[in-house]
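Here are my notes on the model you sent, arranged as numbered points. Please read them with the coordinates open beside you.

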Amino acid sequence: MSRLEVRDLTVGYEGGPVLHAVDVEVPHGELLAIVGPSGCGKTTLLRTIAGLLRAQSGEIRIGHRMVTTHGIHLAPEKRRIGWVPQDAALFPHLTVAENVAFGMLAGRGSSRAARRAAKSDEVRRLLDLVDLAPLAARAPGQLSGGQAQRVALARALAAGPELVLLDEPFGALDPMLRADLRTAVRELLRAEGVTGILVTHDQAEALSVADRVAVMRRGEVLQLGTPEEVYRTPATPWVAGFVGDAVFLPGVLHGDEVATSIGRLRAVPVADAAGLVPEDGADATVLVRPEELRVVRADAASAADPARARAADALDGDAEGLDGVVTDVEYTGHDAMLALALADGVRLRARVTASEFVPRGTEVRVSVVGPVLAYRPER
Ligand SMILES: Nc1ncnc2c1ncn2[C@@H]1O[C@H](COP(=O)(O)OP(=O)(O)OP(=O)(O)O)[C@@H](O)[C@H]1O
């Protein structure tokens with residue numbers, strides 16, 4: 001079993017600590033995506049797990065082996081870790097098959113040994129796995145970016161690692177290729193039963209490909225959860241805004257409701273991990289995702305029997321809403337993002353499906369569907 005456990009890890013450079021008491025756990029066979037703004041410490045964490053950097057304190061355990069702890073620092077080549085860098089970093093003087101074979105030799109490699117091992121069944125199996133068997137004899141310089149990344153992945157898997165670390169492996173690829181390759185990576189790691197960590201700048205990619213997502217900021221992990229958890233119940237408003245489109249409305253909490261300019265909304269408590277549970281009667285920051293806003297034409301809203309509309313609202317728990325106007329439309333085919341200016345001056349964005357589409361300039365009524373998360377405002 002190749003579970004990864006990082007406990008209380010503090011790492012720094014000469015300028016001071018960069019990671020502060022980081023805890024991360026990745027169960028066997030899962031893929032964890034790490035996201036966070038530039039400079040938050042993602043690569044530092046990856047390099048420390050790989051043994052390329054020494055920790056100041058804390059522990060790293062891979063499977064049953066403690067690889068980093070007080071007084072112990074297992075060398076990188078003994079950690080059974082595969083590394084896929086952003087730029088593939090293939091050996092230019094070796095063929096595709098020889099590059100994969102080099103990975104299989106795990107630190108005991110030479111070009112001659114790689115040339116011999118390139119003919120092995122295992123190399124052929126790995127090339128089949130990444131769909132590159134026909135290109136086995138090519139030089140790295142004759143590959144596309146996506147093909148080179150596939151070779152790098154096969155090379156990383158070749159030594160039978162317990163853990164594969166992927167540092168922005170799709171960064172240089174165009175969006176279509178990115179989507180294909182990340183699906184391939186996900187399937188390959190699953191097929192091989194290898195645990196993985198993927199650093200990415202693309203939040204949507206992290207949510208779509210990973211089993212769990214760790215959101216980092218300034219050397220700390222603010223939240224680690226399933227994609228659904230970090231998207232639907234973000235630990236802080238900052239996490240909410242980082243992992244997806246978010247609208248924040250000021251409000252005041254009254255029991256299980258929060259009063260906002262859009263009406264009284266049903267509030268669900270946030271997890272207390274970040275200490276941001278709002279107090280009753282106090283100011284709150286309300287998170288609304290663009291797809292949780294309902295936008296109907298003002299004429300359609302007023303044409304409906306007001307009493308019936310109120311009864312329906314009471315039934316499904318929606319707020320009464322606020323008038324506004326559509327100031328802009330970003331049409332994406334399957335849905336559209338509407339920029340809205342509300343009567344009270346608040347500006348927000350709502351995602352609507354094709355059937356709810358309304359053009360720019362339309363007067364609308366905007367309400368919130370379902371309950372919302374309310375946070376104590378961050379200072
Ligand atoms: N070799 C180094 N010496 C000193 N400081 C460093 C070194 N490498 C990184 N840092 C600093 O450590 C912090 C974290 O860097 P790191 O590369 O881990 O961030 P990151 O989240 O991977 O960033 P990016 O998304 O831009 O790649 C940054 O402030 C960076 O300037």
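1. I begin with Leu32, which counts as buried because it has 21 C-beta neighbours inside 10 Å, the threshold for that label being 20 or more. Please keep in mind throughout that this is a predicted model. Leu32 lies in strand β3, and, when residues up to four places away in sequence are not counted, Leu32 touches Val26, Ile197, Ala210, Arg212 and Ala214. Tyr231 lies 199 residues from Leu32 along the chain, and the C-alpha atoms of the two are separated by 15 Å.

2. At the level of the whole chain, the domain assignment gives domain 1 as residues 4–232 and domain 2 as residues 245–375. The centres of domain 1 and domain 2, taken over C-alpha atoms, are separated by 41 Å.

3. Helix α6 covers residues 175–192, and its 18 residues reach 26 Å from the first C-alpha to the last, close to the 26 Å expected at 1.5 Å a residue. Leu181, Arg182, Val185, Leu188 and Leu189 are the buried residues to look at in α6. They cover an arc of only 130° around the axis, which means that they sit on the same side of α6. On the face turned away from that buried side, α6 carries the exposed residues Met176, Thr183, Glu187 and Ala191.

4. What do the buried residues of α6 pack against? Their partners are β3 (31–35), α4 (121–129), α5 (145–158), β8 (163–167), β9 (195–199) and α7 (203–209), and β3 is the strand in which Leu32 has its place. After α6 comes Gly193, whose phi is positive, near 65°.

5. Helix α5 has 14 residues and reaches 20 Å from its first C-alpha to its last, close to the 20 Å expected at 1.5 Å a residue. Because 12 of the 14 residues of α5 are buried, this helix is largely enclosed by the rest of the structure. The buried residues include Gln147, Gln149, Arg150 and Arg155, together with Val151, Leu153 and Leu157. What covers the buried residues of α5 includes β7 (81–84), α2 (96–104), α4, β8 and α6. Just after α5, Gly160 takes a positive phi of about 65°.

6. One open sheet has 5 strands in the order β2-β1-β4-β5-β6, with antiparallel pairing. Strands β2 (16–26) and β6 (72–73) stand at its edges with a single partner strand each, so one side of each is left without a neighbour in the sheet. Within this sheet, 5 bridges join β1 (residues 4–13) to β4 (residues 57–62), and these two strands run antiparallel. If you wish to check the register, the bridge partner of Arg7 in β4 is Glu59.

7. Another open sheet of 5 strands has the order β16-β20-β17-β18-β19, also with antiparallel pairing. Its edge strands are β16 (293–297) and β19 (347–353), each of which pairs on one side only, and the twist averages 45° from one strand to the next. Strand β18 (residues 335–342) is joined to β19 by 7 bridges, the two running antiparallel, and Met337 stands opposite Arg351 in β19.

8. How many bridges join β12 to β13? Strand β12 (residues 247–254) is joined to β13 by 3 bridges, in an antiparallel arrangement, and the bridge partner of His254 in β13 is Glu257. The hairpin of β12 and β13 has 2 residues between the strands, and in this hairpin Gly255 takes a positive phi near 60°.

9. Strand β13 (residues 257–260) has a covered face with Val258 and Thr260 and an uncovered one with Glu257 and Ala259. On the way to β14 (residues 263–269), 4 bridges join β13 to that antiparallel strand, and the bridge partner of Thr260 in β14 is Gly263. β13 and β14 form a hairpin with 2 residues between them. Thr260 thus appears both on the covered face of β13 and as the bridge partner of Gly263.

Technical notes
Residues numbered from 1 in each chain as written. Predicted model: local features only at pLDDT ≥ 70, side-chain atom pairs only at ≥ 80, totals over all residues. Pairing = 2+ DSSP bridges. Axes fitted to C-alpha atoms, helices over the stretch in contact; angles between N-to-C directions. Domains from an automatic or database assignment. Expected span 1.5 Å × (residues − 1). Arc of directions from axis to C-beta. Contact = placed C-beta atoms within 7 Å.
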